[in-house]
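These are my notebook entries on a single protein chain. I set down what I looked up, entry by entry.

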Amino acid sequence: IGYPVVLKGCAGGGVRGIRVVDESGALSEAFRSASAEGEASCGDGRLFVEKLIESGRNVEVQIAGDQAGVVLALGCRECSVQRRHQKLLEEAPPPGLSEALLESLQEAAVRIATMVNYQGLGTVEFLVTGSRYYFLEMNPRLQVEHGVTEEITGTDLVKLQIQIARGESLSYTPVRPSGVAIEARVCAEDPEAGFAPAPGRI
């Protein structure tokens with residue numbers, strides 16, 4: 001995958017022992033140290049090795065899969081504006097990304113869901129940098145942000161999920177997204193304390 005890379009410990013759960021490695025000469029010591037920290041923290045010395053992406057964007061693809069194996073992509077959402085790994089803004093479609101890249105992301109999401117025979121609504125997340133992208137995770141549920149996809153497709157995703165559960169087919173022509181939608185999350189935080197979570201008036 002090329003350098004720089006990131007080593008992440010505690011493969012069994014959580015993330016500990018994170019090490020950034022810029023060149024091959026430093027890999028052995030970083031590997032030993034990250035593995036030891038993971039073993040000490042959670043009893044698991046296995047590591048993930050990932051390419052370091054310093055200015056990536058978090059882009060989601062909303063997918064739907066029926067009981068007959070038909071999977072549709074219902075558009076992309078941008079969720080890069082975050083604080084403490086919590087999404088603050090969602091926008092659909094992601095601004096500044098080419099139609100070709102958005103199509104490629106949706107095709108990849110459909111392939112992933114098809115390979116596991118996914119049924120229901122779900123979200124496939126990617127890390128995007130330039131014209132390249134990397135799979136992050138798949139959330140097997142409707143997320144809070146699904147409203148922006150509903151706005152640009154005119155599709156009731158909760159209703160669609162119920163139709164899939166009833167065995168109805170998705171073999172109709174997929175809805176083509178149009179327009180723009182933005183969602184903002186309101187958080188109870190104290191800006192004078194570094195935006196730490198805080199109760200009180202909103």
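**Entry 1. Aromatic rings**

I note at the outset that the model is predicted. I began with Phe-126 and looked up its accessibility: Phe-126 is buried, because its relative accessible area is 2% and the limit for buried is under 20%.

I then searched for ring pairs. A pair of aromatic rings is described by the distance of the centres and the angle of the planes. The search returned two aromatic pairs. In one of them, Phe-126 meets Tyr-133 with the ring centres 5.5 Å apart; the planes stand at 80°, so I recorded the pair as edge-to-face. Phe-126 also pairs with Phe-135, again edge-to-face, with 6.4 Å from centre to centre and 75° between the planes. The cut-off for pairing is 6.5 Å between centres, and I therefore kept the 6.4 Å pair of Phe-126 and Phe-135 on the list.

I checked how far the partners of Phe-126 are covered. Tyr-133 has a relative accessible area of 24% and is partly exposed. Phe-135, at 46%, is likewise classed as partly exposed. Together, Phe-126, Tyr-133 and Phe-135 make up one aromatic cluster.

One further ring went into this entry. The charged end of Arg-83 sits over the ring of Phe-195, at 4.1 Å from the ring centre.

**Entry 2. The chain as a whole**

I next looked up the overall figures. The chain has 202 residues, and 35% of them are buried. I listed four helices and 13 strands. The C-alpha trace spans about 55 × 45 × 35 Å along its principal axes.

**Entry 3. Salt bridges**

How many salt bridges does a search of the whole structure find? The search gives 13.

I examined Glu-78 and Arg-57, whose side chains form a salt bridge with an N to O distance of 2.5 Å. Glu-78 belongs to strand E5 (residues 71-78) and Arg-57 to strand E4 (residues 57-65), so this salt bridge ties together parts that are 21 residues apart in sequence. Glu-78 is buried at 10% relative accessible area, whereas Arg-57 is partly exposed at 23%.

I then turned to Lys-87. A salt bridge joins the side chains of Lys-87 and Glu-60, at 2.4 Å from N to O. This pair links distant parts of the chain, with Glu-60 in strand E4 and Lys-87 in strand E7 (residues 86-87), 27 residues apart. Both Glu-60 and Lys-87 are buried.

Lys-87 has a salt bridge to Glu-145 as well, where the closest N and O atoms are 4.0 Å apart. Glu-145 is found in the loop between strand E10 (132-139) and helix H3 (146-153) while Lys-87 is in strand E7, so the contact ties together parts that are 58 residues apart in sequence. I looked up the accessibility of each partner: Lys-87 is buried at 11%, and Glu-145 is buried at 2%.

Which residues do salt bridges with shared partners join into one network? I recorded Glu-60, Arg-77, Lys-87, Glu-90, Glu-125, Glu-145 and Arg-185.

**Entry 4. Ile-63 and Glu-90**

I stayed with strand E4, where Ile-63 is located. Its relative accessible area is 0%, so Ile-63 counts as buried. I also looked up its separation from Glu-90: the two are 27 residues apart in sequence, and their C-alpha atoms are 16 Å apart in space.

**Entry 5. Asp-44**

Asp-44 lies in the loop between helix H1 (27-42) and strand E3 (48-51). I asked whether this loop residue is buried or exposed. Asp-44 is buried, with a relative accessibility of 11%. Its side chain makes a polar contact of 2.8 Å with the side chain of Arg-46.

**Entry 6. A nonpolar surface patch**

Last, I looked up the surface. Val-81, Leu-89, Val-180 and Ile-182 make a nonpolar patch of about 370 Å². I placed one of these residues, Ile-182, in strand E11 (residues 181-184). Ile-182 is exposed, because its relative accessible area of 58% is over the 50% limit.

How values were computed: Residues are numbered from 1 along each chain as its sequence is written. This is a predicted model: local features need pLDDT of at least 70, side-chain atom pairs count only at pLDDT 80 or more; totals for chains, interfaces and linings use all residues. Side-chain values use heavy atoms; hydrogens and water are left out. Rings of Phe, Tyr and Trp (its six-membered ring) pair if their centres lie within 6.5 Å; planes under 30 degrees apart count as stacked, over 60 as edge-to-face and the rest as tilted. Buried means under 20% relative accessible area, exposed over 50%, partly exposed in between (1.4 Å probe, protein chains only). A charge sits over a ring if NZ of Lys or CZ of Arg is within 6 Å of the ring centre and within 35 degrees of the ring normal. Helices (H or I, at least four residues) and strands (E, at least two) are DSSP runs, numbered from the N terminus. A polar contact is a pair of N or O atoms within 3.5 Å; within protein, one must be able to donate a hydrogen and the other to accept it, and residues adjacent in sequence count only if both atoms are side-chain atoms. Patches are made of residues with over 30% relative accessible area and no salt bridge: like charges are joined within 9 Å, nonpolar side chains (Val, Leu, Ile, Met, Phe, Trp, Tyr) within 5 Å. Accessible areas come from the Shrake-Rupley method with a 1.4 Å probe; for residues, only the protein chains shown count as cover.
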